[in-house]
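Subject: Structure handover

Hello,

Please find the structure below, as agreed. My notes on what was found in it follow directly after.

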Amino acid sequence: MNITFLGTGVAIPQTDRVQSGIIAEIEGKPILFDCGSGILNRIFESRYNHTDIDTVVLSHLHLDHVADVLCLIKANWLCDKTNITIYGPEGTNEWMTGLLKIYGYLQGKSDTNIIEVSAGDTFTPDGVNCKITCSKGVHSVPSLGYRIESGGSTIVYSGDTEPCKSIMDLSQDADLLIHECSFPCGFEVTYHTTPDMLDGYINYYNTNVSCLYLTHLYPQMQGHEQESIEYLKNNLKIVQGIEIATDLMKIKV
Ligand SMILES: [Zn+2]
Ligand SMILES: [Zn+2]
């Protein structure tokens, strides 16, 4: 699988990080995980074609993860691509129906297929050979993490969450865990993650992952990137590679 971090930021703007979005390219097909503000342009900048994206998987419905979904649907429609399937947690159907009601001029322009999924579900998007498993995160709204298995490789994307047992279980034996890390060590927070919250969970549950990439960085993380990596390297002996993701970073798993 080829992974492209399109956006590694959050709801608050900052230099060089737009909101959340990741492409997992499986057998040549790009599957988009989350689609916050700025992601449509990042798809272009990453040299993917937005009209090649007909599968979007949403972790949750916070704006920094969904703001560009309708923009993607409109851009695709303008370029004669009119089918899209959106997987997401409970509420995704109501959210999209409401949006299309407000933006009446888009109604009927796109064949939008919404599939709500929940913890424990597995699914396979059309046209690819893979298995995606859902698990619950701990966040202020229903939020899902996803485990993507294809061709002998496994990637997990946590979505927005505190470190939790369900995401640790989902991540067991993964080649790559993409976990949110909103704030630096010592920052008091719920529903999000700091490096000194994450290491305890990975160690306690013996979460065996080869690589850990951190994403979803708040501006408060600026200047704390290196110390975060060093902290985790010192405290996570079982993880071989630990990095902070940046927008447009590409890796092969
Ligand atoms: Zn978020
Ligand atoms: Zn959120």
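Tyrosine 157 is buried in this predicted model, because its relative accessible area is 5% and anything under 20% counts as buried. The residue belongs to strand β10 and stands opposite isoleucine 178 in β11. Strands β10 and β11 (residues 174-180) run parallel and are joined by three bridges. Both are part of an open sheet of seven strands with mixed pairing, in the order β7-β8-β9-β10-β11-β12-β13. At the edges of that sheet are β7 (122-123) and β13 (241-244), each of which pairs on one side only.

Aromatic contacts

There are ten aromatic pairs in the structure. One of them joins phenylalanine 33 and tyrosine 157: the ring centres are 6.5 Å apart and the planes stand at 75°, so the pair is edge-to-face. Phenylalanine 33 sits in strand β3 (residues 29-33) and tyrosine 157 in strand β10, so this pair ties together parts that are 124 residues apart in sequence. Phenylalanine 33 is buried too, with a relative accessible area of 2%. The two residues also belong to one aromatic cluster, formed by Phe33, Tyr87, Phe123, Tyr146 and Tyr157.

Strand β3 and its partners

How many of the five residues of β3 are buried? Five of the five are, so the strand is largely enclosed by the rest of the structure. Lys29, Ile31 and Phe33 point one way from β3, while Pro30 and Leu32 point the other way. In general, side chains in a regular strand alternate between the two faces of the sheet.

β3 is joined to strand β2 (residues 21-26) by five bridges, and these two strands run antiparallel. Glutamate 25 stands opposite proline 30 in this arrangement. β2 and β3 make a hairpin with two residues between them, and glutamate 27 in the turn has a positive phi of about 50°. β3 is also joined to β4, here by two bridges and with the strands running parallel. Phenylalanine 33 stands opposite valine 57 in β4.

The two zinc ions

The model contains a zinc ion (ligand 1) and a zinc ion (ligand 2), which are 3.4 Å apart, and aspartate 160 coordinates both. Aspartate 160 is buried, with a relative accessible area of 2%.

The zinc ion (ligand 1) is coordinated by Asp64 (OD), His65 (NE2), Asp160 (OD) and His216 (NE2), at 2.1 to 2.2 Å. Along the chain these donors follow the spacing D-H-x94-D-x55-H. The angles among the four donor atoms are 91 to 166°, and the site is irregular. Histidine 65 lies in helix α2 (residues 63-66) and aspartate 160 in the loop between β10 and α5, so the pair ties together parts that are 95 residues apart in sequence. Histidine 65 is buried, as is aspartate 160.

The zinc ion (ligand 2) has as its protein donors His60 (NE2), His62 (ND1), His139 (NE2) and Asp160 (OD), which lie 2.2 to 2.4 Å from it. Their spacing along the chain is H-x1-H-x76-H-x20-D. Why is the arrangement around the zinc ion (ligand 2) irregular? The four donor atoms subtend angles of 91 to 168°, whereas four donors count as tetrahedral if all angles lie between 85 and 135 degrees. Histidine 139 is in the loop between β8 (131-136) and β9 (144-150), and aspartate 160 is in the loop between β10 (153-157) and α5 (165-171), so the pair ties together parts that are 21 residues apart in sequence. Histidine 139 counts as buried, at 10% relative accessibility.

Histidine 50

Histidine 50 lies in the loop between α1 (39-45) and β4 (55-57). Is histidine 50 buried or exposed? Histidine 50 is buried, with a relative accessible area of 18%. Leaving aside neighbours within four places in sequence, histidine 50 is in contact with Leu40, Ile43, Leu72, Ala75, Asn76 and Cys79.

From the record

The UniProt annotation, from an unreviewed entry, reads "domain: Metallo-beta-lactamase" and covers residues 18-216. In the model that span is 25% helix and 30% strand, and its end C-alpha atoms lie 10 Å apart.

Regards

How values were computed:
Residues are numbered from 1 along each chain as its sequence is written. Chains are lettered from A and ligands numbered from 1 in the order in which they are written. This is a predicted model: local features need pLDDT of at least 70, side-chain atom pairs count only at pLDDT 80 or more; totals for chains, interfaces and linings use all residues. Side-chain values use heavy atoms; hydrogens and water are left out. Donors are N, O and S atoms within 2.8 Å of the metal (3.2 Å for Na, K and Ca); water is not among the atoms, so sites may look incomplete. Four donors count as tetrahedral if all angles lie between 85 and 135 degrees; four count as square planar and six as octahedral if opposite donors are over 155 degrees apart and all others between 65 and 115; anything else is irregular. Helices (H or I, at least four residues) and strands (E, at least two) are DSSP runs, numbered from the N terminus. Buried means under 20% relative accessible area, exposed over 50%, partly exposed in between (1.4 Å probe, protein chains only). Rings of Phe, Tyr and Trp (its six-membered ring) pair if their centres lie within 6.5 Å; planes under 30 degrees apart count as stacked, over 60 as edge-to-face and the rest as tilted. Contact means heavy atoms within 4.5 Å. UniProt positions are given in the numbering used here, feature names are shortened, and annotations may be inferred rather than shown by experiment. Two strands pair if DSSP finds at least two bridges between them.
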